[in-house]
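Me: I have a sequence and a fold to go through. Take me through the strands, the helices and the packing, one question at a time.

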Amino acid sequence: MKIKVVAVGKPKKDGGFQEMCNFYISRIKKFVTFENVELKEKQSIDKETEEIIKNISGSAYVVALRETGNKFDSIKFSNLLNDAFEKKGEIIFVIGGAYGYGDIKEDISMSIAPWTLPHQLAKIVLLEQVYRGLSINNGGKYHHE
């Protein structure tokens, strides 16, 4: 099982963003193989979309983070992880830059909040929920109902 996060932009070192990402990535790696791809911001949505597509394998289950995407609670999200692993074995989450991205032919789009988040904060929220979902699926005590 593998999870890959493809994100436009890098978390800022100031403010603890990078430390929080590293914290959750280290926890995620206890459950699955993890790859973190950080793309440079481009001058246009089309160019960023092209770079994103270059980092998506055709055999992976692709989850696009979009403002208008599906909403999941933690249990439903953990079920999505299970289903995606059963179908394809690899999940790729895509986080766009400040202006989003175009069509990447994702399997599903997902919204992580009812409001727009900066990409560096969105990445932390996504990583925390991935860790929570994996913990739920593996009988961990991190998630409380």
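The questions below go from the sheet to the helices, then to the cores and the rings.

Me: What kind of model is this, and what pLDDT do local features need?
Reply: This is a predicted model. Local features are filtered by confidence, and the cut-off for them is a pLDDT of at least 70.

Me: In which order do the five strands of the open sheet run?
Reply: The pairing in this sheet is parallel. S2 and S5 (108–110) are its edge strands, each pairing on one side only. Neighbouring strands are turned by 25° against each other on average, direction ignored. The order is S2-S1-S4-S3-S5.

Me: Over how many bridges do S1 and S4 pair?
Reply: S1 covers residues 2–8, and S4 covers residues 90–95. Lys2 has Glu90 as its bridge partner in S4. The two strands pair in the parallel sense, and the count of bridges is six.

Me: Which residue in S2 stands opposite Lys4?
Reply: S2 spans residues 33–39 and pairs with S1 in the parallel sense over seven bridges. Opposite Lys4 in S2 stands Glu35.

Me: In S5, what is the bridge partner of Ala64?
Reply: S3 (residues 61–70) and S5 run parallel and share four bridges. Ala64 has a bridge partner in S5, and that partner is Ser109.

Me: What is the handedness of the β-α-β unit made by S1, H1 and S2?
Reply: S1 and S2 pair in the parallel sense. H1 (residues 17–28) joins S1 and S2 in the β-α-β unit. The unit is right-handed.

Me: At about what angle does H3 run to S4?
Reply: H3 takes in residues 74–88 and lies across S1, S3, S4 and S5. H2 (residues 45–54) also packs on the sheet, touching S1, S2 and S4, and its direction makes about 165° with that of S1. For H3 against S4, the angle is about 125°.

Me: Which helix or strand gives the largest share of the largest nonpolar core?
Reply: That core has 29 residues, and Ile3 and Phe93 have the most contacts inside it. S1, H1, S3, H3, S4, S5 and H4 each supply at least two of its residues. The largest share is seven residues, and the contributor is H4.

Me: How many residues are in the other core, the one with Val6 and Ile52?
Reply: This core lies apart from the largest one. Val94 and Ile104 are also among its members. Its residue count is 13.

Me: Is Asn55 buried or exposed?
Reply: Asn55 sits in the loop between H2 and S3. Leaving aside neighbours within four places in sequence, it is in contact with Lys4, Val6, Val37, Leu39 and Ile92. Its relative accessibility is 18%, and the cut-off is under 20%. Asn55 therefore counts as buried.

Me: Is the pair of Tyr24 and Tyr131 stacked, edge-to-face or tilted?
Reply: The whole structure holds five aromatic pairs. In this one, the ring centres are 6.4 Å apart and the planes stand at 45°. Stacked needs under 30 degrees and edge-to-face over 60. The pair is therefore tilted.

Me: How many residues apart in sequence are the parts tied together by Tyr24 and Tyr131?
Reply: Both tyrosines are buried. Tyr24 lies in H1 and Tyr131 in H4 (residues 119–137). The pair therefore ties together parts whose separation in sequence is 107 residues.

Technical notes
Residues numbered from 1 in each chain as written. Predicted model: local features only at pLDDT ≥ 70, side-chain atom pairs only at ≥ 80, totals over all residues. Heavy atoms only, no water. Phe/Tyr/Trp six-rings, centres within 6.5 Å; stacked < 30°, edge-to-face > 60°. Buried < 20%, exposed > 50% of the residue type's maximum accessible area, 1.4 Å probe, protein only. Pairing = 2+ DSSP bridges. Right-handed = clockwise from strand over helix to strand, strands pointing away. Axes fitted to C-alpha atoms, helices over the stretch in contact; angles between N-to-C directions. Contact = heavy atoms within 4.5 Å. Core = buried A, V, L, I, M, F, W, Y, C linked by side-chain atoms within 4.5 Å.
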